[in-house]
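Subject: Structure for you to look at

Hi,

Here is the structure I promised to pass on. Please open it first, then read my notes below.

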Amino acid sequence: MPLTQAQMRAHIYLVILDKFSNSAERRREALAEYFLVTMPNISQDAAERLATLIPDLMPELYSKWIGEFCERLFETIPDEQIQHLCDGTTENNAAMGLVFLMFMESERMEKQVEEDLRSYALKHSGSDDMGDLVAAYLRGKVDALREEVAGEKIQ
């Protein structure tokens with residue numbers, strides 16, 4: 001039985017969210033590792049403390065971006081093809097991740113992401129610098145997702 005558009009949106013949301021999410025502990029570790037690599041003069045302790053200061057972006061921003069992705073997907077791709085993409089296979093989940101990456105790398109979304117991160121950082125920390133750090137981290141997550149998706153397609 002075909003999925004409804006709401007079911008397809010939910011499936012897309014969960015697949016993409018799964019690609020970006022990890023536990024709070026793993027997220028802090030990844031941030032600390034990122035800071036140690038990109039800020040050579042920072043101590044391990046300082047990197048770990050800085051990592052705890054960056055708020056989880058999941059609820060607000062990822063939801064917004066995944067929603068925009070779904071809107072664009074449903075505007076441009078016939079429902080039958082989206083049905084196929086939502087069949088739950090590893091290959092199609094990897095393909096969905098790749099399509100999401102292409103969407104996030106579009107010029108329009110790169111500008112939108114930068115704007116959203118700056119607004120988010122100002123709202124939550126009062127500092128534009130925090131937006132730059134979060135933006136750099138997010139770019140790293142997108143790069144890691146690209147590598148993961150490429151690895152899934154090869155297997």
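Phe69 and Phe100 are both buried. This is a predicted model, and every value here is computed from it. The two rings form an edge-to-face pair, with 5.1 Å between centres and 85° between planes. Phe69 sits in helix 4 and Phe100 in helix 6, so the pair ties together parts that are 31 residues apart in sequence.

Phe69 has a second partner, Phe103. Here the centres are 5.6 Å apart and the planes meet at 55°, so this pair is tilted: the angle is not over 60 degrees, as edge-to-face requires, and not under 30, as stacked requires. Phe103 is buried too, like Phe69. Again the link runs from helix 4 to helix 6, this time across 34 residues. That makes two aromatic pairs in the count. Phe69, Phe100 and Phe103 form one aromatic cluster.

Next, the core.

The largest nonpolar core has 24 residues. Ile12, Ile16, Trp65, Phe69, Ile82, Met96 and Met104 touch the most other members. Five helices each supply at least two residues: helix 1 (5–20), helix 4 (58–76), helix 5 (79–85), helix 6 and helix 7 (107–125). Helix 4 gives the largest share, eight residues.

Take Ile82 as an example of the packing. Beyond its neighbours within four places in sequence, Ile82 is in contact with Met8, Ile12, Leu73, Phe74 and Ile77. One of these, Ile12, is also on the list of residues that touch the most other core members.

Now helix 6.

Helix 6 covers residues 90–104. How far apart are its end C-alpha atoms, and does that distance agree or disagree with the expected span? The 15 residues should span 21 Å at 1.5 Å a residue; the ends are 21 Å apart, which agrees. The buried residues in helix 6 are Asn92, Asn93, Ala94, Met96, Gly97, Phe100, Leu101, Phe103 and Met104. Both ring partners of Phe69 are therefore among the buried residues of this helix.

Asn92 deserves a look of its own. Its relative accessible area is 12%, which puts Asn92 under the 20% cut-off, so it counts as buried. The Asn92 side chain makes a polar contact with the side chain of Asp87, at 2.9 Å. Setting aside residues up to four places away in sequence, Asn92 touches His84, Leu85 and Asp87. Asp87 thus appears both as a polar partner and in that list of touching residues.

Back to helix 4 for one more residue, Glu60. Is Glu60 buried, partly exposed or exposed? Its relative accessible area is 37%, so Glu60 is partly exposed, between the 20% and 50% limits. Glu60 and Tyr120 are 60 residues apart in sequence, yet their C-alpha atoms are 8.9 Å apart in space.

Last, the chain as a whole.

The protein chain has eight helices and zero strands. From the N terminus on, the order reads α-α-α-α-α-α-α-α. Of its 155 residues, 37% count as buried. Among contacts with a separation of 6 or more, 75% join residues 24 or more positions apart. The links from helix 4 to helix 6 through Phe69 span 31 residues and 34 residues. The chain exposes about 8900 Å², and carbon and sulfur atoms supply 54% of that.

Best wishes

Notes
Residues are numbered from 1 along each chain as its sequence is written. This is a predicted model: local features need pLDDT of at least 70, side-chain atom pairs count only at pLDDT 80 or more; totals for chains, interfaces and linings use all residues. Side-chain values use heavy atoms; hydrogens and water are left out. Helices (H or I, at least four residues) and strands (E, at least two) are DSSP runs, numbered from the N terminus. Buried means under 20% relative accessible area, exposed over 50%, partly exposed in between (1.4 Å probe, protein chains only). A polar contact is a pair of N or O atoms within 3.5 Å; within protein, one must be able to donate a hydrogen and the other to accept it, and residues adjacent in sequence count only if both atoms are side-chain atoms. Contact means heavy atoms within 4.5 Å. A nonpolar core is a set of buried Ala, Val, Leu, Ile, Met, Phe, Trp, Tyr and Cys residues joined through side-chain atoms within 4.5 Å. Rings of Phe, Tyr and Trp (its six-membered ring) pair if their centres lie within 6.5 Å; planes under 30 degrees apart count as stacked, over 60 as edge-to-face and the rest as tilted. The expected span of a helix is 1.5 Å times one less than its number of residues. Accessible areas come from the Shrake-Rupley method with a 1.4 Å probe; for residues, only the protein chains shown count as cover.
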